[in-house]
Structure formats: C-alpha cells, structure tokens
Amino acid sequence: MKVSVFSTKPYDEEFLERINKDFNHQLSFHSCPLTPDTINLVEDDPCVCVFVHDKLNRKVIEALHQKGVKLIALRCAGFNNVDLDAAKEYGIVVVRVPAYSPEAVAEHAVGLMLSLSRKIHRAYNRVREGNFSLNGLLGFELHSKTAGIVGTGRIGTALAKILTGFGTTVIASDIKSNETCHKLGVEYVSFDELCRRSDVISLHCPLTPDTYHLIDEQSIDLMKQGVMLINTSRGAVLDTQATIEALKSNKIGYLGLDVYEQEEHLFFEDLSDKVITDDVFERLLTFPNVLITGHQAFFTAEAMTSIAHTTLQNISCFESGDTCATLITADDAKP
Ligand code: NAD
C-alpha cells in the first residue's frame, strides 16, 4: 500500500525501511508534521502514518477524506491527538501500536526515580568538574517505601513488577483492576488514598477528559510533604503551573518528567541554538530536584523494532480487508 509517513526522523526511517523488507509497502517519508499546510504531500496515498504530535483534528481529517485517505496508522500507543468521532464520520479507520514494549517506558520511569532519589543527575555534573563533595546528595531508598501507580495497564503493570522486586510496597488506582497486579500483591485504592499514602507517584493512565489535570492543586494538597512525582504518560495529565507552585513550597520534593503539556513546540527537535520562549518550561529547569527527558521513554531498539513491525502489519491487515486487532474506535476514548 502507498503510505505517507509524517514526522519522521532518521531513526524512524531506518527501522521502518528495515522491517518493510518483509511487507513491501511504498513508503514516502516526510520529516514535517501532518498539518493543514502539509496535507498536499499526501498524493494518492490511501494511508497516512503519524506520530504523537501530529494533530488529527476534524479539519485535518476532513482534508484527508477529500484526498481519499482510508487509514490512519499511528506509530504510538496514545491516541489523544486524533478526533475519533470525525474519523468515524468520514469512514477513516484508525489503528495504533498498543503494546510495543511496556518495559521500555516502565524502565525509563524507574530510571527517573533512581536518578532523582540518588541525585545522580547532580552527581554526574559535579564529578565532571572535580567536585567530589557529598553535601546535598543525600538520597533515599525505594526499598520499604510506598509507590502509587496511577493506571495499571501494560506499562503500569511492568512498573509494578520492577518495583515489587525492589521491596517497595505498591498501591494502585485504576478504573479497572488487573489480575497480574493482584498476584503481585498490589493493593488497589482510590486515587485520593493513593495520593495520601504514596512516597512516589507514577502516572501511567492515558490522557482523556477524565485524566486531564488529574494532578492539580487539590490532588497535590492530599500528597505527602516531599512526594516524588513521575510522569511518563502524557503532559496534560499534570497541571504544570500547580506543580511549579508545589515545587516552590517543597510539597513536591522530586519531579521526573518525560512528557510536558506544551511539548509539541519543543520535543524531538534540536533547539540548542535557539532561544526557548516557553517560560513555564524554563522555570521547571531551574529546580535542582526536577529531571526532564524529551519524550524518550519509548526509545529503545526493541521498542522501535516492535513499533515498525506492528505499524506495517496493521497496514497489511487493512489492505487485505481483515479487521485489525489494533483498531481504535470512538468508544476507546471513553473511560
Ligand atoms: P494501557 O491502555 O495498557 O493502560 C492504561 C491504564 O490506565 C488502563 O488500565 C486504564 O484502565 C487506566 N486508566 C484509564 N483511565 C484512568 C483513570 N481515570 N485513572 C486511573 N487509571 C485509568 O496503556 P499503556 O500501554 O500502559 O500506556 C499508558 C500511557 O502511557 C499511554 O496512554 C500513553 O499516553 C503513555 N505512553 C508514553 C510513552 C512515552 O514514551 N513516554 C510511551 C508509550 C505510552
């Protein structure tokens, strides 16, 4: 099938081209995002393949329909960037990569936790400058602490497995419980109770109208003084301004982010020669107890291989007229 692939970086092309040897789709790569201005790059391709920052709102979906596009293949798990009602209305099928490597994201969340709890990000810089003082580097152990996981789907469950191995007590909140987590001894509690009891809170729910700003002034108020907050889900699950206020008052003692509310203006690009005009993001960077990575939790060789394989398989599945197991419907966006 002819496919217009948007928002590509060299690494996307490398993995897709390698795996496509088994599928033989005709891939046209575009490094730009899919927007109303770039839609003309879709010639007579029945499929567009997009990533997390491509905004497939009603306007874009209408234009894709006029171009004869029948399939939107997401190269990611989250689908909050697609107007599923509009896609349904225009008869465009939407498929995604629901599970590529939950361990990639779970391990990155643990990486953020350990870097923050042992202040490795600060130690790295000190040692390079010949400063071997331990003042200010006092850490804490995850062993015997309580970690609260919000959303025990694939990634939350992978994280629960790792944390129970550390001897951490794991509690969780989700709209549905998960058998694997039950077997691991994870205790399901309400979101408010999770906020009250956790030393570390890690977010692994999707961004939906229900989870938008789930972490806000009210929920932060419930949390322990000095709590560690980790967000590798979607930026807007956390109210950044409320989080900054809580960092200023030391209510939040550690913040690890792989995602950010306004990340589409920053992440995945080299802006090192530019002035960053996002003052909220710049304020976050001033805190010594904040560690930010630029949406790289998924970025492992294993996950990239799996993403390319599932994406191309999804396209083949659609082409052969089969119902694809990774199809998303408007109902999936509802809790
Ligand atoms: P999943 O669908 O397997 O699990 C999501 C879980 O969240 C489900 O158990 C669901 O019931 C639960 N949930 C839904 N609404 C909730 C609510 N209001 N409160 C608590 N729990 C709720 O998804 P997953 O594969 O584990 O991925 C989770 C999220 O991680 C994705 O939606 C995506 O946004 C994000 N993600 C980020 C990266 C990254 O690189 N940073 C990579 C992959 C996924």
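Which residues does threonine 38 touch, not counting residues up to four places away in sequence? In this predicted model, threonine 38 touches Phe6, Cys32 and Pro33. Threonine 38 itself lies in the loop between strand E2 and strand E3, the latter spanning residues 47-50, and it counts as buried because its relative accessible area is 14%, which is under the 20% cut-off.

## The sheet and its first strands

An open sheet of six strands can be followed in the order E2-E1-E3-E4-E5-E13, and its pairing is mixed. At the edges stand E2 and strand E13 (327-328), each of which has a single partner strand, so one side of each is left without a neighbour in the sheet. As background for reading such a sheet, strands pair through backbone hydrogen bonds, and they do so either parallel or antiparallel.

Strand E1 (residues 2-5) is joined to strand E2 (residues 26-29) by four bridges, and these two strands run parallel. Two of the partners can be named here: lysine 2 has glutamine 26 as its bridge partner in E2, while serine 4 has serine 28 as its bridge partner in that strand. E1 also pairs with E3, again in the parallel sense, over three bridges, and in this pairing valine 3 stands opposite cysteine 47 in E3. Between the strands E1 and E2 there is a helix to consider as well, since E1, helix H1 (residues 10-20) and E2 make a right-handed β-α-β unit.

## Helix H10 and its surroundings

Helix H10 covers residues 240-248, and its buried residues are Thr240, Ala242, Thr243, Ile244, Ala246 and Leu247. Among the elements that cover these buried residues are two helices, H9 (217-222) and H11 (279-285), together with two strands, E11 (252-257) and E12 (290-292).

The two ends of H10 can also be described. At its start, a side-chain oxygen of aspartate 239 reaches to within 3.2 Å of the backbone nitrogen of glutamine 241, and after the helix comes asparagine 250, which has a positive phi, near 65°.

## Lysine 161 in helix H6

Is lysine 161, which is found in helix H6 (residues 154-165), buried or partly exposed? Lysine 161 counts as partly exposed, because its relative accessibility is 47%, and partly exposed residues fall between the 20% and 50% cut-offs. Leaving aside residues up to four places away in sequence, lysine 161 touches Thr180 and Leu184. Lysine 161 and leucine 214 are 53 residues apart in sequence, and their C-alpha atoms are 24 Å apart in space.

## Two cysteines without a disulfide

How many disulfides does the model contain? The count comes to zero, and the cysteines 317 and 324 help to show how this is decided. For cysteine 317, the nearest cysteine sulfur is that of cysteine 324, at 4.0 Å, and cysteine 317 is in no disulfide. Cysteine 324 is likewise in no disulfide, with the sulfur of cysteine 317 as its nearest cysteine sulfur, 4.0 Å away. The reasoning rests on a cut-off, because a disulfide requires a pair of cysteine sulfur atoms within 2.5 Å.

Both residues can also be placed by their accessibility: cysteine 317 counts as buried because its relative accessibility is 18%, and cysteine 324 is buried with a relative accessible area of 10%.

## Around the ligand

There are 24 residues around the ligand, and of these Tyr100, Arg154, Ile155, Asp174 and Asp258 come nearest. Aspartate 258 also makes a polar contact, in which an N or O atom of its side chain is 3.0 Å from a nitrogen atom of the ligand.

Backbone atoms take part too. A backbone N or O atom of threonine 232 lies 3.0 Å from a nitrogen atom of the ligand, whereas a polar backbone atom of phenylalanine 298 is 3.1 Å from an oxygen atom of the ligand.

Notes: Residues are numbered from 1 along each chain as its sequence is written. This is a predicted model: local features need pLDDT of at least 70, side-chain atom pairs count only at pLDDT 80 or more; totals for chains, interfaces and linings use all residues. Side-chain values use heavy atoms; hydrogens and water are left out. Two strands pair if DSSP finds at least two bridges between them. A crossover is right-handed if, with the strands pointing away from the viewer, the path from the first strand over the helix to the second runs clockwise. Buried means under 20% relative accessible area, exposed over 50%, partly exposed in between (1.4 Å probe, protein chains only). Contact means heavy atoms within 4.5 Å. A polar contact is a pair of N or O atoms within 3.5 Å; within protein, one must be able to donate a hydrogen and the other to accept it, and residues adjacent in sequence count only if both atoms are side-chain atoms. A residue is near a molecule or strand if one of its heavy atoms lies within 4 Å of it.
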